[in-house]
Amino acid sequence: MLASLPNDLRPLAAQRLSTAEPVLRRLLAGLYGERADFDTWFGDLMESLGKLYAERPPELRALDIQRAAQPEWFLSQRMLGYCAYVQNFGGSLNGVAERIPYLEELGVSYLHLLPFLRPREGENDGGFAVTSFDEVDPALGTNADLHDLTTRLRAAGISLCSDFILNHVADDNQWALAAKAGDAKARAMFHVFPDRDMPDRHERTLGQVFPQVAPGNFTYVEAMGGWVWTTFYPYQWDMNWSNPDVFAEMAAAMLRLANRGIEVFRLDSTAFLWKREGTNSMNQPEAHQLLQALRAIVDIVAPGVLLKAEAIVPTRELPAYLGSAAAPECHIAYHSSLMAAGWVALAEQNTGVLREVIRNTPPLPSAATWLSYVRCHDDIGWNVLRAEAEVGSAAGAAARLAGAARFFSGAQGSYASGAAFQSTDPNAAHGSNGMAASLTGLQTATNEEERSLALRRMLLLHGLALSFGALPVLYMGDELAMENDYSYLDRPQHAMDSRWLQRPVFDEQRWKHRYDKTSAPGIMYQGLANLIRARRKQDALAANAPRALLADAPDGVLALARGERFLTLMNFTGLPQEYALQGVWSDHAEPGRIEGTITLAPYAMHWLARE
Ligand code: GLC
């Protein structure tokens, strides 16, 4: 690798290589070492990394140096994320750039734009079927616009996060097209089976991501004369990561994007990278080895870049995605259990499942954190909570979670207006869709009191995400209490996928009302802005500051201490609740001292600092 670098870049590269190259070699030898040509392949890989290192723009190299010197830079309580679709938030990449002042007003330092690279023509799972990793979706802008946007964001102190969809590519991606045309090398980049023998064997133990609209995990492709592994939609072809060519191609594609100024990669569907017969082909040890190898590559070429794991898996499987001090993996991982459990707490007016999740959340290695959130573009998947929902439940986890799914679909007099996802069976618990405001009752509110309760529920869940000790990411529109968007039902390519309920176009009218404290958007926006401001001032709310669950709160209340000096009290019930405070406290929102027993109004939250 050093040989492909100009002289001035060699000393630093040599220093990084001295620690990371042996790690990378060991990991890759573990995966591909049995191949006779492993050494040559590894040499070629390192040479290609050298070229990408040499191409890295000086301003990004400077950022790398700065961040490598402060590896915990993203754990600060001043970090705040925002997530949006380009087309919905700004119409185009240039339109997103026009919204930078708004992001600055909110205090955002991290912007996740959902897929914006050239997607498949026609249906493309909201851009999650990528045709080209090297080209911006022409509907959203050009590569030059992307460069311009990353430059402007960086100047505003905002890191751009992009999806890197590494489990699969679109069926019109160059490798898929070559495979269809009979190119054996390209065919080997996918999992292709000549008959149903292996697919049937795998299906015995595989799960289903979209059981309703894309049942099964394999798709027969006429041009290939075989069955292609397609975990998601039939047009999303899983890559065969047991082929070292896939590793080399994908690592290079990621670094080319990093060189365009992407600072964080949301590694999509990481749990599915490695397949193994007799298992559900999720969370396999080799998937972790692959991610650790990608991390080692980032540590060598672009240490300012962060890797974020999207693995929607049970809580016990999550920590592995952040690795350990000895074997670092991703820097950030979605805490989907925490997110889903917050919703269960609302549905049940009980914090049992949420407390179990928090108990099951171990301390993390340094320079790693959870991502906390209230909603995202996907469904709230209930099944990740099976273990936690089993605890103390007579009916069993499945029935309990199905209850939450029913609740958010608006059944049994619930205030929510959402949709059960991928399930027509009222006793099954796949997922729930809907914007946070609709799920918390704003859409069905018919009077002031109901409206106010809905807004409190929204703020409560956001308060949990902001105070848990994580990198919190807001989902576009939630800050303005935007409700469900039913227009997807009129779009044939989207109508079968109710995740579009929560993918609305940014509402300019609500945005204009964001300072109007009599309007729902204004109450939500100002309430959230106050929390964000209060969080920034509290060191105790940094992602890596200690966290403890206090057991003396009533079942409906979550009492979370952050260090010795900060306490969050959250009432997940519609009734007032009492909590006996130890010591003297002050509330971030009200003047005066608080001691003794505090009464929490329905769905109220208090952030208390010790006097
Ligand atoms: C991730 C995305 C989801 C997409 C899937 C397949 O789970 O968040 O939207 O459908 O991956 O790429």
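Author: Let's begin with a ruler for helices: the expected span of a helix is 1.5 Å times one less than its number of residues. Keep in mind that this is a predicted model.

Reader: How many Å does helix α11 reach from its first C-alpha to its last?

Author: Helix α11 runs over residues 244–259, which gives 16 residues. At 1.5 Å a residue, the expected value is 22 Å. The model comes close to that, with a reach of 23 Å.

Reader: Is α11 largely enclosed by the rest of the structure or left open, and how many of its residues are buried?

Author: A residue counts as buried when its relative accessible area is under 20%. Among those that pass this test in α11 are Phe247, Met250, Met254 and Leu257. The helix is largely enclosed by the rest of the structure, because the number of buried residues, out of 16, is 12.

Reader: Which residue caps the N-terminal end of α11?

Author: Look for a side-chain oxygen that lies 2.8 Å from the backbone nitrogen of Asp245. The residue that supplies this oxygen, and so caps the helix, is Asn243.

Reader: And which residue takes a positive phi just after α11?

Author: Follow the chain just past the end of the helix. There you meet a phi of about 105°, and it belongs to Gly261.

Reader: In the open sheet with the order β5-β7-β6, which strands stand at the edges?

Author: This sheet has 3 strands with antiparallel pairing. An edge strand has a single partner, so one side of it is left without a neighbour in the sheet. That description fits two strands, β5 and β6.

Reader: What is the bridge partner of Val192 in β7?

Author: Strand β5 pairs with β7 (residues 226–229) in the antiparallel sense, over 2 bridges. In β7, the partner of Val192 is Val228.

Reader: Over how many bridges do β14 and β15 pair?

Author: These strands belong to an open sheet with the order β13-β15-β14. One pair of residues standing opposite each other is Ala419 and Asn433, the latter in β15. Strands β14 and β15 pair in the antiparallel sense, and the number of bridges is 3.

Reader: How much of the ligand's accessible area does the protein cover?

Author: Side-chain N or O atoms of Glu310 and His377 each lie 2.9 Å from an oxygen atom of the ligand. For the side chain of Arg499, the distance is 3.0 Å. Of the 300 Å² of accessible area that the ligand has on its own, the protein covers 95%.

Notes: Residues numbered from 1 in each chain as written. Predicted model: local features only at pLDDT ≥ 70, side-chain atom pairs only at ≥ 80, totals over all residues. Heavy atoms only, no water. Helix = DSSP H or I, 4+ residues; strand = E, 2+ residues; numbered from the N terminus. Buried < 20%, exposed > 50% of the residue type's maximum accessible area, 1.4 Å probe, protein only. Polar contact = N/O pair within 3.5 Å; in protein donor to acceptor, adjacent residues only side chain to side chain. Pairing = 2+ DSSP bridges. Areas by Shrake-Rupley, 256 points an atom, 1.4 Å probe, with all protein chains shown as cover.
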